[in-house]
Amino acid sequence: MVAQSAKKATDNAKRYTTCQPGQCLKYTRTWLEIGSYYGDATTAWKNAAKKHTDRNPPAGAPVFWTGGNKGYGHAALSLGNGKIRTTDAPSSGKVTTQDLSWPANAWGLKYAGWTED
């Protein structure tokens, strides 16, 4: 089942305050109510069909960064207006709302963009 609306996906994400560390893609997909296809955020981004590289993801869109010490990248859910719901922020095991720039500023990851799929 896929979240029926952006509001449903963002409401799902806002219910979480803790997470299993290092599982950003799993949580983003859980909030969107879609199954897992890839093992990490970078691979999911590379295989996305409808990519957008602007920094204005709409609410409910999955957002991606690449890089990291193992190259797995990061995924989060856009809340719109430059905000994301993200795992492991500001510390491991936490789920919080952050600025879209947080993963790049905190972890040095490269912003890739957002997808419709």
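## Two cysteines that stay apart

Let's start with C24, which is buried, with a relative accessible area of 9%. Keep in mind as you look around that this is a predicted model. C19 counts as buried too, at 10% relative accessibility.

How many disulfides does the structure hold? The number is zero. For C24, the nearest cysteine sulfur is that of C19, 9.0 Å away. A disulfide needs two cysteine sulfur atoms within 2.5 Å, so C19 and C24, with 9.0 Å between their sulfurs, do not make one.

## Helix α1 and its buried face

Now find helix α1, which covers residues 6–14. Which of its residues are buried? They are A9, T10, N12 and A13. If you look down the axis of α1, these buried residues fall within an arc of 155 degrees, so they line one face of the helix. A general point helps here: an α-helix has 3.6 residues a turn, so residues three or four places apart point the same way.

What does this buried set pack against? Its partners are the helix α2 (24–32) and the strands β3 (74–80), β4 (83–87) and β5 (95–99).

## How α1 meets α2

Two packed helices are described by the angle between their axes and the distance between the axes. For α1 and α2, the axes come within 7 Å and cross at roughly 130 degrees. That angle makes α1 oblique to α2. On the α1 side, the contact is made by A9, N12 and A13, and on the α2 side by T30, W31 and L32.

## N12 and its partner E33

N12 deserves a second look. This residue of helix α1 counts as buried, at 6% relative accessibility. Leaving out residues up to four places away in sequence, N12 touches T30, W31 and E33. With E33 there is also a polar contact, side chain to side chain, at 3.1 Å.

Where is E33 itself? You will find E33 in the loop between α2 and α3 (41–47). Is E33 buried, partly exposed or exposed? At 23% relative accessibility, E33 counts as partly exposed.

## Backbone details in the loops

E33 has another feature to notice: its phi is positive, at about 60 degrees, although E33 is not a glycine. N81 also has a positive phi, of about 55 degrees, and is not a glycine either. N81 sits in the loop between β3 and β4. With 81% relative accessibility, N81 counts as exposed.

Move along to the loop between β4 and β5, where P90 is placed. Is the peptide bond from A89 to P90 cis or trans? This bond is cis, with omega near 0 degrees.

## T115, tucked into a strand

Our last stop is T115, in strand β6 (residues 110–115). T115 is buried, with a relative accessible area of 2%. What does the side chain of T115 reach? Its target is the backbone oxygen of D117, at 2.9 Å.

To see what surrounds T115, leave out residues up to four places away in sequence; T115 then touches W45, A48, K50, K51, A61, P62 and F64. Try picking out these residues one by one in the structure, and you will see the setting of T115.

Methods: Residues numbered from 1 in each chain as written. Predicted model: local features only at pLDDT ≥ 70, side-chain atom pairs only at ≥ 80, totals over all residues. Heavy atoms only, no water. Buried < 20%, exposed > 50% of the residue type's maximum accessible area, 1.4 Å probe, protein only. Helix = DSSP H or I, 4+ residues; strand = E, 2+ residues; numbered from the N terminus. Arc of directions from axis to C-beta. Contact = heavy atoms within 4.5 Å. Polar contact = N/O pair within 3.5 Å; in protein donor to acceptor, adjacent residues only side chain to side chain. Axes fitted to C-alpha atoms, helices over the stretch in contact; angles between N-to-C directions. Parallel < 35°, antiparallel > 145°, perpendicular 65-115°, else oblique.
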